[in-house]
Amino acid sequence: MTAYEPPGAPGTGTEQGADPAGYDAVVLAGGAARRLGGTDKPGVRVGGRALLDRVLAACGGARSTVVVAAPRPTARPVTWAREDPPGGGPLAALDAGLRHTTAEHVVVLSADLPFLQEPTVSRLLSALRASGLDGVLLTDSGGRDQPLVAAYRAPRLREELALLAGRHGALAGLPLRRLTAELNLTRVSDPVASFDCDTWDDIATARARIREHGHVLDEWISAVKDELGIDLDVDTRGLLDLARDAAHGVARPAAPLTTFLVGYAAAQAGGGPEAVAEAARKAVALAARWAQESTSEAQPADDGPQSSEGDVAPDATPDTRPDAG
C-alpha cells in the first residue's frame with residue numbers, strides 16, 4: 001500500500017452505463033460485540049442517535065445502501081441482507097451485501113463509527129476515482145488500516161471474494177485481511193472519522209466529545225433532522241442571528257417562536273434552503289423595524305422647532321388656566 005493525498009477532482013472511469021458520480025454503500029452491522037457484553041452495538045445511542053443511524057447519515061448520498069444484519073427500524077430506508085451462515089464474519093457479510101449493489105464504486109463501513117460524516121465519505125470516493133487503484137481506506141490515530149471505513153471498486157471486490165471462496169470452500173470465518181492483502185490499496189489518515197466503538201470506554205469517549213462546546217450544536221441539529229426525517233441544509237448561523245435579533249429587539253421568548261414560524265413559512269413555500277433564507281430575511285427585517293420603533297419611543301418626539309425656554313414652541317397658544325404655572 002502507498003500513502004495518498006486525494007486531489008480535488010474525481011476521476012471518470014466507470015462500468016458501462018454506471019453513473020460516474022454514483023456509489024453504493026454496504027454497512028456491516030451484525031457483529032457479536034463481545035467486548036460490549038453482547039449488547040446490540042448498532043443500536044447503542046451516541047448523541048441521541050443509534051450508531052447505525054449515524055453511519056447511515058454519513059452515506060446518505062449513496063444510490064443504494066445495504067445493511068448486513070437482522071432488520072430493525074432505521075432513520076433512513078435501506079436494503080437488508082444476511083450472510084450465510086449468520087455470524088459468518090466480515091468477508092461473508094461483505095459478499096452478501098455486494099450482491100445487492102450495482103455501482104462500480106462501493107463504500108464499505110462498519111456500524112460503529114460515531115464521528116464519520118458525509119464529507120469523509122466523499123473524500124474517500126474522490127481519492128478512489130482519481131487513484132486508479134482498487135480501494136482507499138482510512139487509517140486510525142495509530143496508523144492502523146481500517147478496511148471497514150473505505151471505498152472500493154466493486155468489481156475487484158467480487159473478483160477476489162470469488163477467488164477466496166473457491167480457494168477455501170467458503171468465506172465464513174475468514175479474516176478481512178485475506179481480502180485486503182490481494183488488493184492494490186492506498187490510505188487516507190483520519191483519526192477522528194476512523195474512531196470506532198468497541199468497548200464501553202469508547203462509547204463514553206464518543207458521548208463526551210459530542211457534548212463538547214465545539215461540537216454540540218452541529219450534533220444536535222443533525223440529531224433533530226434525523227429524528228424528524230428532514231434532509232435540509234440551511235444557514236445555521238443566519239438562523240441563530242435571527243433568534244438573537246428577535247430576543248434583543250422584541251422579547252426573549254420571541255426567539256424560539258420566530259424561528260419556528262420561519263420554518264413553518266418555509267415549508268408552506270415549498271421548503272428548501274432558499275425558502276428558509278427568504279423567510280429568515282423577512283423576519284430579520286421585521287425584528288429590525290420593531291427594535292427601531294422601540295428605540296424611537298424611548299426618546300422625545302421631534303415635533304418641530306423648540307423654544308429654549310421650557311421646550312415650548314414660540315407660536316404655541318399660552319395656557320390661560322387659573323392653575324397654570
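**Exercise 1. Decide how far helix α2 is covered, and list what covers the helix.**

Begin with the count: α2 is mostly covered, since 8 of its 9 residues are buried, where buried means under 20% relative accessible area, exposed over 50%, and partly exposed in between (1.4 Å probe, protein chains only). The helix itself spans residues 90–98, and helices (H or I, at least four residues) and strands (E, at least two) are DSSP runs, numbered from the N terminus. Next, name the buried residues, which are L91, A92, A93, L94, D95, A96, G97 and L98. Finally, look at the surroundings: what covers these residues includes the strands β2, β5 (64–68), β6 (79–81) and β7, together with the helices α4 and α5 (177–180).

Two remarks on the source apply throughout. This is a predicted model, in which local features need pLDDT of at least 70 and side-chain atom pairs count only at pLDDT 80 or more, while totals for chains, interfaces and linings use all residues. Residues are numbered from 1 along each chain as its sequence is written, and side-chain values use heavy atoms, with hydrogens and water left out.

**Exercise 2. Describe how α2 packs against α4, and name the residues that meet.**

Two packed helices are described by the angle between their axes and the distance between the axes. For α2 and α4 the angle is about 130 degrees and the axes are 11 Å apart; axes are lines fitted to C-alpha atoms, for helices over the stretch in contact, and angles run from 0 to 180 degrees between N-to-C directions. The two helices are therefore oblique to each other, because angles under 35 degrees count as roughly parallel, over 145 as roughly antiparallel, 65 to 115 as roughly perpendicular and the rest as oblique. Their crossing is left-handed, which is the term if the near helix is turned anticlockwise from the far one by less than a right angle, a clockwise turn being right-handed. At the contact, meaning heavy atoms within 4.5 Å, L91, L94, D95 and L98 of α2 meet L157, R158, L161 and L164 of α4.

**Exercise 3. Place R156 in the chain, and find its contacts.**

R156 lies in helix α4, which covers residues 154–168. With a relative accessible area of 18%, R156 is buried. Leaving aside residues up to four places away in sequence, R156 touches D134, E182 and L183. The C-alpha atoms of R156 and L183 are 7.8 Å apart in space, although the two residues are 27 apart in sequence.

**Exercise 4. Carry out the same kind of analysis for α8 and α9.**

The axes of α8 (residues 236–249) and α9 (residues 254–268) come within 8 Å and cross at roughly 135 degrees. That makes α8 oblique to α9, and α8 passes α9 in a right-handed crossing. The contact is made by L239, L242, A243, A246 and A247 on the side of α8, and by A254, A255, T258, T259 and V262 on the side of α9.

**Exercise 5. Classify the ring pair of F115 and F195.**

A pair of aromatic rings is described by the distance of the centres and the angle of the planes. Rings of Phe, Tyr and Trp (its six-membered ring) pair if their centres lie within 6.5 Å, and planes under 30 degrees apart count as stacked, over 60 as edge-to-face and the rest as tilted. By this rule the count comes to 2 aromatic pairs. One of them joins F115 and F195, at 5.7 Å centre to centre and with 40 degrees between the planes, and this pair is tilted. The pair links distant parts of the chain, 80 residues apart, with F115 in the loop between β7 (105–110) and α3 (118–131) and F195 in the loop between β10 (185–189) and α6 (200–210). F115 is buried at a relative accessible area of 10%, whereas F195 is partly exposed at 22%. As a last step, note that the charged end of R209 sits over the ring of F115, 4.7 Å from its centre; this requires NZ of Lys or CZ of Arg within 6 Å of the ring centre and within 35 degrees of the ring normal.

**Exercise 6. Is D24 buried or exposed, and which residues does D24 touch?**

D24 belongs to strand β2 (residues 24–28). Its relative accessible area is 1%, so D24 is buried. Not counting residues up to four places away in sequence, D24 touches A62, R63, S64, T101, T102, A103, H105, V106 and V107.
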